[in-house]
Amino acid sequence: MSNQPQQLEAPDDPANEQPLVSHLVELRNRLVKSAIAVLVVFVALSPFMKQIFDYLSAPLMVALPQGVKLLATGVVAPFMVPLKVTLFLAFLIALPIVLYQAWAYIAPALYRHEKRLALPIIVSSIVMFAVGMAYCYFIVFRMVFQFIAGFSPDSVNFAPDIDSYFSFVLTMFVAFGLTFEVPIVVVVLNRLGFASYEKLVKIRPYVIVGAFIVAAIFTPPDVLSQTLLAVPIVLLFQVGIWLVRWFGRSQEEVDELAEERKNAVE
């Protein structure tokens with residue numbers, strides 16, 4: 001193994017460094033391109049706003065009593081909520097383009113080994129976030145709404161407001177999407193030299209406790225919702241440990257990278 005650390009390798013073309021104004025102009029251009037991509041997708045989806053919201057509300061509608069519909073307490077809510085749902089979906093569809101623009105902006109400042117690591121991370125992050133949202137929609141929502149509706153007294157008309165429903169759905173989508181990023185985070189920490197297999201195994205009990213604390217914060221105050229979020233966090237963390245064991249850096253390599261970072265700072 002070469003004694004020259006990869007971390008000390010300068011980014012590509014360091015002589016091409018640009019002044020702050022040029023970086024701000026490029027950042028603006030990247031943001032504009034990202035916004036245009038989202039807008040184009042939104043315009044294409046806008047004729048189907050009603051159908052998109054109906055599909056999003058389907059898990060709750062199944063749990064509601066026969067003939068009961070969602071409520072719209074605001075004057076413009078029947079228009080604004082489907083619009084926000086469509087905009088959110090447009091952002092998700094355009095997310096690869098948005099992330100590419102972010103990648104193109106930061107790539108010149110990255111080391112070569114960081115660039116090799118970044119592309120798989122971006123692709124796998126998108127895939128895992130989508131898997132987390134699908135798990136939330138097809139499994140969590142159907143079970144949680146049925147559970148909550150089952151506890152509704154006969155004297156209570158269980159008909160949630162559409163604005164509150166969208167806020168709840170958005171929070172849950174983000175929570176479960178980020179949850180499914182856990183294996184990627186674990187692998188990245190190992191590849192960058194911040195956590196070895198032994199250290200990850202050592203902190204596993206603390207992760208289990210932290211998973212239920214996070215679930216209690218981001219899910220409704222019922223045991224079912226919290227379990228449906230906490231258990232995947234624990235299982236995905238274990239998947240990350242297995243990936244590190246099979247493909248990750250050894251304890252010696254992690255220690256070497258830590259020493260290189262220390263020397264670079266000094």
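**Exercise 1. Two helices that cross**

Task: In this predicted model, describe how helix α1 and helix α3 come within 8 Å of each other, and find the angle at which their axes cross.

Solution: Begin by locating the two elements, since helix α1 covers residues 20–45 and helix α3 covers residues 77–106. Their axes come within 8 Å, and the crossing angle is roughly 145°. Next, consider the handedness, for which the passage of α1 across α3 is right-handed. Finally, sort the residues of this contact by character, which gives 17 nonpolar, four polar and three charged.

**Exercise 2. The chain as a whole**

Task: Determine how many helices and strands the chain has, and state what fraction of its residues count as buried.

Solution: Counting the elements gives nine helices and zero strands, and reading along the sequence therefore gives the pattern α-α-α-α-α-α-α-α-α. For the extent of the chain, take the C-alpha trace, which spans about 75 × 45 × 25 Å along its principal axes. For burial, apply the cut-off of under 20% relative accessible area, and the result is that 37% of the 266 residues count as buried.

**Exercise 3. The salt bridges**

Task: Find out how many salt bridges the whole structure holds, and explain where the partners of each pair lie in the chain.

Solution: A search of the whole structure finds two salt bridges. As background, side chains of opposite charge can pair when their charged atoms come close.

Step one takes the pair E26 and R30, in which the closest N and O atoms are 3.7 Å apart. Both residues belong to helix α1, and because they are four residues apart there, about one helical turn separates them. E26 counts as partly exposed, because its relative accessibility is 22%.

Step two takes the pair K84 and D163, whose side chains meet in a salt bridge with an N to O distance of 3.4 Å. K84 lies in helix α3 and D163 in helix α5 (residues 162–179), so this pair ties together parts that are 79 residues apart in sequence. K84 is partly exposed, with a relative accessible area of 31%, and D163 also counts as partly exposed, at 31% relative accessibility.

**Exercise 4. A nonpolar patch on the surface**

Task: Name the residues that form a nonpolar patch on the surface, and decide whether V214 counts as buried, partly exposed or exposed.

Solution: The patch is formed by V209, I213, V214, I217 and F218, and together these residues have about 460 Å² of accessible area. To place one of them, note that V214 is found in helix α7, which covers residues 197–218. Its relative accessibility is 34%, and since partly exposed lies between the cut-offs of 20% and 50%, V214 counts as partly exposed.

**Exercise 5. Buried or exposed?**

Task: Classify Q238 and L119 by their relative accessible area, and give for each residue the C-alpha distance to a partner elsewhere in the chain.

Solution: Start with Q238, whose place is in helix α8 (residues 223–247). Q238 is buried, because its relative accessible area is 15%, which is under the cut-off of 20%. Its C-alpha atom is separated by 12 Å from that of V185, although the two residues are 53 residues apart along the chain.

Continue with L119, whose place is in helix α4 (residues 112–150). L119 counts as exposed, because its relative accessibility is 53%, which is over the cut-off of 50%. The C-alpha atoms of L119 and Y100 are separated by 9.4 Å, and these residues are 19 residues apart along the chain.

Notes. Residues numbered from 1 in each chain as written. Predicted model: local features only at pLDDT ≥ 70, side-chain atom pairs only at ≥ 80, totals over all residues. Heavy atoms only, no water. Axes fitted to C-alpha atoms, helices over the stretch in contact; angles between N-to-C directions. Left-handed = near helix turned anticlockwise from the far one by under 90°. Nonpolar A, V, L, I, M, F, W, Y, C, P; charged D, E, K, R; others polar. Patch = residues over 30% accessible without salt bridge, like charges linked within 9 Å, V, L, I, M, F, W, Y side chains within 5 Å. Areas by Shrake-Rupley, 256 points an atom, 1.4 Å probe, with all protein chains shown as cover. Salt bridge = Lys/Arg side-chain N within 4 Å of Asp/Glu carboxyl O. Buried < 20%, exposed > 50% of the residue type's maximum accessible area, 1.4 Å probe, protein only.
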